[in-house]
Amino acid sequence: MSGVGIAAKPALTLDDYAELARTAMDPAVWDFIEGGAGGERTLAANVRAFDRVRLRPRVLSGVAGADTSTTLLGRRWAAPLGIAPMAYHTLVHPEGELATVRAAGASGLPTVVSTFAGQPFEKLADAASSPLWLQVYCFRDRETTRRLIERAQQAGFEALVLTVDTPRLGRRLRDLRNDFRLPAGIVPANLPSTGADYSSPADHGRAEIDPALDWSVVSWLRSVSTLPVLLKGIMTADDAVRAVEAGVDGVIVSNHGGRQLDGGQGTLDVISEITSAVAGRCPVLMDGGIRRGTDVLAALALGADAVLVGRPVLHGLAAEGSQGVARVLGTLVDELAEALVLTGTPSVADAAPPLLEGHAAVSARPSAAKPDPEPERSPAAGLRKEDLHSSVSAPVLDTMNFLNEITGRFPDAVSFAPGRPYEGFFETEDVFTHIRRYLDHLRESGVSEDGVRTAVYQYGPTTGLIRDLIADSLRKDEGIDVPPASIVVTVGAQEAMLLTLRALFADPRDVLLVASPCYVGITGAAELLDIPLTEVVEREDGLSVADVEAAVRAARDEGRRPRAFYVVPDHSNPSGNSLPLRTRTELLELAERYGLILLEDTPYRLVSAGERLPTLKSLDRGRRVVHLGSYSKTAFPGARIGFVIADQRVRDASGATSLLADELAKIKSMVTVNTPPLSQAAIAGMLLASDGRLSQLNTGPAAHYGDALRVTLEQLARRFPGTRRHESGVSWNEPDGGFFLTVRVPFVADDSALSRSAREHAVIWTPMSYFYPHGGGDHAIRLSFSSLSHGEIEEGIARLARFIESETERGR
C-alpha cells in the first residue's frame, strides 16, 4: 500500500527540506526546533544508533512490491509511521497543526497532537481524516489535565499519550545560549488563560508539570477517560513490564523528554530488549532520530510496531506548508517500501531481526551482550498472539464479536444492529416440507431410492447438488442465463467470497478494490488472505465510476495490478445505496477496458419492493462479472446456502480450458469439502415451491421490509423535524429498499458511544466506522430495521433520539 493517499514522490530529499527550513526560520527558532525536548545530546545519540545499523539485501526473493500498511489500536494506517507530538507548529507556519493534520490525513497516517498545540482540538479534529491522539502532560493542577482530556475525547481524539519523562527536562543548550523566548502571540490554544508565562517552555514545564508522578497516574487517566492510554518516555525493559502490568494500551520508547545519562543511549539501542519484555502484550512504538525509510524498517526489524517522526515534519511544514509535510511523509513511506523490496520482505508484518547484519536482535549498540535464546514454551503456557497470523488481530474480525457481546449484555435493548430477516415469516414445520418436496422431486426425476438416500446422507459433489435449480431460478428471476456447470454451491456467500479471492489473487502486486463503506465480510476475507485493499469512497450521491478508474490508474502507477472490484449494486450493506443503470453499464465498460473482474454481491434484491434494475451479471457480455449469491435474506438464513457464478474460461499452459467454477471447486474441496446436502435440499424445496421465482415467494417479505423502512424514516423525521434536524447536525439517507440506512451524527459514534447507548438508553446500532477498511465514518451509524416490528422501530427510534441528544449535549 505504499503511496496510498500520499503526494507523488518528491524531487527533494529530507535533507533538502531541512536546509529549506533552516534558511526560512529565524536562527533562534531554528535552534529551538533542532535542539529537541531532550537536548542536542539526545538527538545525537538517536541518530548515531540508526547510523550503526546495516540492512541485509536479498536477491531473487520474488518480492515485486511491498505492503506497508499496518493496524494499531483498531485503526488501519497506510504505514507503521505517525507524527510525533511537537509543540508550537505555528512557530514555523501560520496554519500550524491544521496544515500538519491535513497532510497526515491525506497520507493515511496518525498525528499525536501536543498539549501545547497552537490550534484548538476541535478545529484539528474537523480538519483531520486520520486518527488523532493527544499527548498528555500531567499538570500539578489535575483539573486542568482532566479538562484537556475531556475536550480532546469529545472532539474525536482516539488515544491518550502520557509523556512520563518530561519533569526532568534535558539541558537545551541552544535555548540557554540564545535566551530563547516564544514570540508574542505564540501560545497554547487549549490551555486555560491563568496568567501563566508560556514564553519560556522549559521554565513553564518546571513550574506547571507535576514532577512527582507515580504509577497510579495510569489508574487516574482510566478514571477520567475511556480512551486507550499509551506511555511515552519508556527506556528500560523494567519500566515497560511495569507499564503493561499497570494496564496501558501501548508504550512509546522515547528519550525526548528526559535528560541524557552517560553513555548516550538512543531509542534504537533499547528497543529490542523492551519489545522482548513486552512480549506482544501491547504495541510498542518508538521515536527519535528517524530520518530515512530504512530507519523505519530497522526499528520494525528490532520489534517495534510503529515509529513516530518529528523534526522532518516541521522541516516540511516550514518549507512548503501542508504539501511539504505530505511530501516528507510520502518520501519516508516510499523509502520504506523500497527497503522492504530490496530486503525481500513482502510486508511490514514480515520485518524481523534477520534483516539486519549480525541479526541485531537485542540492540543496535556494538557492545551489547546477546541474551540467551528464548526457551521453548510448554503447551501449558499457551500461545503468543504475535505467533498467530496477523489477521486475528485485525479490527474487522472483532466487529461482529463486539456487537454480539453488547447484544448479549443488554437483552432488553432495541437492536438496530443485525441485518437479518424478520422471523415472523418462518414456520418450523416448513423446514421438513421443503426437504420432502426436494426428495419427491428427485424421485419424480427418476432417481432411485438408493440414489435419494445417497443424495441426503452422503457428502455429495463439491460443486453442489442443486446447481440446475439455481440456474433455472436465476434465468427466471434475474435474466441471468448461465449453464449449471458455471455455478458452485457454497456455505453461504461468505465462502463464495473466500474461494473467489483465493483463486483470483495470485501475484503479490494484486490489489482488491472495494466500494467504501464496505461489507465487512469481504474486507475480513481479504485480511485472512493477505490481500491488500484500495478503497473507492462513495460520494454523497453514491459511487462514481470516475473514482473507480482513478483508483485503478493510481494502483497501476504504484506497480500494483488492480485485479478485482467488489461492489453491492443494490441496497448495499451498510449504506443502503444502489447503482443507477448508467453507472452499471459504465462499470462494465471500465472492467472491459482495464481487464478488471467485478465481484457482484446481491443479497438484498429480491427482498426489496419496487422495480429492480438488471444485475451486472445479466448485462455482462465479456464475462467480466463473478456473481456472488445468497439465500440467507430471501429464503432461509439458517441453511447457510450461497453460490457463485464463475463462467470465466481458464486456459492452462497446454492450451486446455476449464471454467473458473471448476478451479473454485478444487479450493472448496480443501476447505469445506462440500455444502451440506440437507441445507441444499431445504433451499431446493423452496425453489421448487415457487417454480424458481423467489421474487414471487418474497412478495410479502419485500412489502414488510419496505414498510419497515418507511416507518423508520417517518420516526426519524418525527424525532428530528426540519429545523431541529438542522440545528442538531443529524441527517440520514433515504434508500428505496434493502435492510439498512445511514444516520450522520454530530459526535464520534465509536464502540464507547455504542456501549453508552446500550447501557443508558437501551438501544443498539452499528458504528459505520466498522465498514471503512482504512478509517472513516466516525460520525455515522448504520441502522438495520429488517428484523424489527413497527412497534419496536418506533420505540427504538425514540430511544435513539434521546441518546443522540445526550451525546450532543455531552460534547458541548
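The buried residues of helix H15 pack against three helices, H16 (449–457), H17 (467–478) and H24 (677–689). Here contact means heavy atoms within 4.5 Å, and buried means under 20% relative accessible area, exposed over 50% and partly exposed in between (1.4 Å probe, protein chains only). Helices (H or I, at least four residues) and strands (E, at least two) are DSSP runs, numbered from the N terminus.

This is a predicted model, in which local features need pLDDT of at least 70 and side-chain atom pairs count only at pLDDT 80 or more, while totals for chains, interfaces and linings use all residues. Residues are numbered from 1 along each chain as its sequence is written, and side-chain values use heavy atoms, with hydrogens and water left out.

Let's put two helices side by side.

| Helix | Buried residues |
|---|---|
| H15 (residues 430–444) | His-434, Ile-435, Tyr-438, Leu-439, Leu-442 |
| H23 (residues 660–669) | Leu-660, Ala-661, Leu-664, Ala-665, Lys-668 |

The buried residues of H15 cover an arc of only 130° around the axis, which puts them on the same side of H15; the arc is that of the directions from the helix axis to the C-beta atoms. In H23 the buried residues fall within an arc of 145°, so they line one face of the helix. Why do such patterns arise? An α-helix has 3.6 residues a turn, so residues three or four places apart point the same way.

On the other side of H15, Arg-436 and Glu-444 are exposed. After H15 comes Gly-446, with a positive phi near 95°. Among the elements covering the buried residues of H23 are helix H18 (492–504) and strand S12 (487–491).

Note on methods:
Expected span 1.5 Å × (residues − 1).
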